[in-house]
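Student: I should like to learn how to read the features of a structure that is new to me. May we go through some of them in turn?

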Amino acid sequence: MTGTSETRALTELKQKLSETWDLTMIHGLLDWDQSTYMPPGGGPARARQSALIAGLAHERRTDREVGRLLDRLRPYEESLPYDSDDASLIRVARRAFERASRVPPAFMAELSRHFNLSYQAWAVARPQNDFAGMAPLLQKTIDLSRRYADYFSPYDHIADPLIAEADYGVTAAEVTQLFGRLRERLAPLVRAIVAMPPADDACLKQHYPRGEQWAINESILRSIGYDFERGRLDVTHHPFMTKFSLGDVRITTRVDEHDLGYALFSTIHEAGHAMYELGIDPAFEGTPLADGASSSVHESQSRLWENFVSRSLPFWQFFLKPLKAAFPAQLGGVDLETFYRAINRVERSLIRTEADEVTYNLHVMIRFDLELALLEGRLAVKDLPDAWNARYAADLGVAPPDDRDGVLQDVHWYAGFVGGAFQGYTLGNILCGQLHEAALVSHPSISADCAQGNFEALHAWLGSEVHRHGAKFTTAELVQRITNGPLRIEPYLAYLEAKYVPLYGLD
Ligand code: ZN
């Protein structure tokens with residue numbers, strides 16, 4: 001540290017950031033409670049309380065004094081190495097301040113009101129298969145998404161500022177190029193797999209009582225390293241992870257008594273998100289660095305545990321035994337190979353969130369392309385259902401019987417921007433391939449360890465290469481540091497081919 005005025009400015013900045021951080025965490029706590037334990041009667045007051053806290057947090061985030069402190073700290077930042085904690089804190093705080101300051105509070109309030117209204121309308125429209133009823137609201141969402149992007153002009157593509165919300169530095173052009181190449185390689189793999197007899201997953205679709213499922217899920221979470229001293233598992237409708245500090249990172253799940261795989265893999269998925277947050281350097285607590293690097297890096301962590309680890313053969317060489325002990329009647333006669341094939345069943349399907357790891361990316365790429373077309377004005381809202389159905393027919397070979405399982409299927413687009421959310425899921429998969437490859441190079445024993453229920457080397461590698469850095473680096477910076485290059489699709493494709501070619505007997 002140099003001059004005392006800089007010391008003072010940094011201390012003051014940290015103080016201000018930590019208050020904003022606490023308001024954001026309190027907001028998260030209200031949301032968590034609303035999605036888990038709050039009785040319906042709490043709804044109206046909770047909406048008001050959430051809006052109040054969000055407004056206060058936004059005020060703090062854009063406090064001019066924060067801007068002045070960041071200006072005063074610029075020479076200090078420039079005197080430090082780029083990757084030092086202080087320089088990174090100032091850089092990341094400045095980016096957040098500048099982005100938040102571009103958007104007027106009145107627009108933020110309009111957004112929040114509209115998203116609320118649109119969400120409530122969608123909850124009614126979806127069961128009624130009423131896309132026409134949603135169309136005016138969706139049109140307004142697109143208009144608001146465009147207006148939001150315009151606060152960040154100039155940009156190369158109207159989706160860029162929306163993508164920057166989740167994945168700072170990633171552009172629509174880059175994603176379009178990566179996805180185009182991925183689709184070219186993935187489509188033939190999917191065609192080859194679905195031409196083969198489907199894997200039999202009947203063993204997963206028996207009756208699995210809730211209580212036993214809960215117990216085995218908790219036990220697997222402990223075994224893979226999710227720390228219940230700093231976390232919790234609760235029930236919700238749509239599983240998610242949330243945090244209230246680096247010492248309290250919670251996950252939620254949902255149990256389906258007729259589908260063993262649902263809670264099993266979605267719980268491990270959320271634990272992957274949580275273990276990322278729990279691995280962040282505790283010194284970053286209360287600052288904008290105490291967060292994941294981006295939504296795609298976050299998704300790389302959840303997918304790594306969900307797919308690369310817990311849908312692998314070595315994992316079940318260890319865990320099938322305790323699982324059978326929990327469900328002797330259902331699984332007693334099921335061998336490892338049958339179970340492994342069942343949990344890796346690939347099929348053409350309509351619903352993105354229920355898709356297997358191979359076809360999942362096709363769903364995401366359809367959404368991404370449609371979003372760009374809507375934002376660019378190439379596609380009108382009234383033509384969206386037809387465009388959707390045409391792409392599902394072309395890419396996945398399935399035809400939604402109605403909009404309920406087509407364009408209305410999930411809440412995305414009806415409770416948030418059009419643009420900026422979907423690319424993260426597939427970028428996360430791509431990145432996961434690269435990280436997994438790099439981890440295996442430095443610790444070749446990872447697979448063998450997994451078959452012993454031992455994840456220490458994997459945790460150590462992820463902790464030092466990814467987790468501890470929190471939000472210090474952008475997606476591209478992190479990939480460059482770890483792999484000495486940019487995002488590449490090849491390791492992910494190699495992973496899929498190495499797994500699915502033998503599994504489905506392809507040549
Ligand atoms: Zn996720």
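Tutor: Let us begin with how two helices run relative to each other. The model is a predicted one. Angles over 145 degrees count as roughly antiparallel, and H12 and H20 are therefore roughly antiparallel to each other. Their axes cross at roughly 160° and come within 13 Å.

Student: Which residues of H12 and H20 make the contact?

Tutor: On the side of H12 they are Gln-301, Leu-304, Trp-305 and Val-309, and on the side of H20 they are Leu-458, His-459 and Leu-462. By character, these residues divide into five nonpolar, two polar and no charged. The crossing of H12 past H20 is right-handed.

Student: How should one read the spacing of residues along a helix?

Tutor: An α-helix has 3.6 residues a turn, so residues three or four places apart point the same way. With that idea in mind, one may look again at the contact residues of H12, among them Gln-301, Leu-304 and Trp-305.

Student: Which residues of H20 are buried?

Tutor: In H20, the buried residues are Ala-457, Leu-458, Trp-461, Leu-462 and Gly-463. The elements that cover them include H12, H18, H19 and H21.

Student: At what angle do H12 and H18 cross?

Tutor: The axes of H12 and H18 cross at roughly 65° and come within 7 Å. This crossing, too, must be given a hand, and it is right-handed. From H12, the contact includes Ser-296, Glu-299, Ser-300, Arg-303 and Phe-308. From H18, it includes Tyr-425, Leu-427, Asn-429, Cys-432 and His-436. The residues of the contact of H12 with H18 divide into eight nonpolar, nine polar and two charged.

Student: Which residues coordinate the zinc ion?

Tutor: To read a metal site, one lists the donor residues and then asks where they lie in the chain. Here the zinc ion is coordinated by His-269 and His-273, each through NE2, and by Glu-299 through OE, at 2.1 to 2.5 Å. The spacing of these donors in sequence is H-x3-H-x25-E. His-269 belongs to helix H11, whereas Glu-299 belongs to helix H12; the pair is 30 residues apart and links distant parts of the chain.

Student: Are His-269 and Glu-299 buried or exposed?

Tutor: Burial is read from the relative accessible area, and buried means under 20%. His-269 has a relative accessible area of 9% and is therefore buried. Glu-299 is buried as well, because its relative accessible area is 7%.

Student: Where is Tyr-504 found, and which residues does it touch?

Tutor: For a single residue, one reads its place, its accessibility and its neighbours. Tyr-504 is found in the segment after helix H22. Its relative accessible area is 4%, so Tyr-504 is buried. Leaving aside residues up to four places away in sequence, Tyr-504 touches Ile-193, Met-196, Pro-197, Ala-199, Asn-344, Arg-345 and Val-346. By contrast with these contacts, the C-alpha atoms of Tyr-504 and Leu-89 are separated by 48 Å, the two residues being 415 residues apart along the chain.

Student: How is Gly-279 placed?

Tutor: Gly-279 is found in the loop between H11 and H12. With 27% relative accessibility, Gly-279 counts as partly exposed. Beyond residues up to four places away in sequence, Gly-279 touches His-467 and Arg-468. The C-alpha atoms of Gly-279 and Gly-292 are separated by 10.0 Å, with their positions 13 residues apart along the chain.

Student: Which peptide bond is cis?

Tutor: The form of a peptide bond is read from omega. The bond from Ser-153 to Pro-154 is cis, with omega near 0°. Pro-154 has its place in the loop between helix H7 and helix H8.

Student: What is phi of Asn-129 and of Asn-484?

Tutor: Here one reads the sign of the backbone angle and the kind of residue. Phi of Asn-129 is near 55°, a positive value in a residue other than glycine. Asn-484 likewise is not a glycine, yet has a positive phi of about 65°. Asn-129 is found in the loop between H6 and H7, and Asn-484 in the loop between H21 and H22. Asn-129 is partly exposed, with a relative accessible area of 29%, whereas Asn-484 counts as exposed at 68% relative accessibility.

Conventions:
Residues are numbered from 1 along each chain as its sequence is written. This is a predicted model: local features need pLDDT of at least 70, side-chain atom pairs count only at pLDDT 80 or more; totals for chains, interfaces and linings use all residues. Side-chain values use heavy atoms; hydrogens and water are left out. Axes are lines fitted to C-alpha atoms, for helices over the stretch in contact, and angles run from 0 to 180 degrees between N-to-C directions. Helices (H or I, at least four residues) and strands (E, at least two) are DSSP runs, numbered from the N terminus. Angles under 35 degrees count as roughly parallel, over 145 as roughly antiparallel, 65 to 115 as roughly perpendicular and the rest as oblique. A crossing is left-handed if the near helix is turned anticlockwise from the far one by less than a right angle, and right-handed if clockwise. Contact means heavy atoms within 4.5 Å. Ala, Val, Leu, Ile, Met, Phe, Trp, Tyr, Cys and Pro count as nonpolar, Asp, Glu, Lys and Arg as charged, and the others, Gly among them, as polar. Donors are N, O and S atoms within 2.8 Å of the metal (3.2 Å for Na, K and Ca); water is not among the atoms, so sites may look incomplete. Buried means under 20% relative accessible area, exposed over 50%, partly exposed in between (1.4 Å probe, protein chains only).
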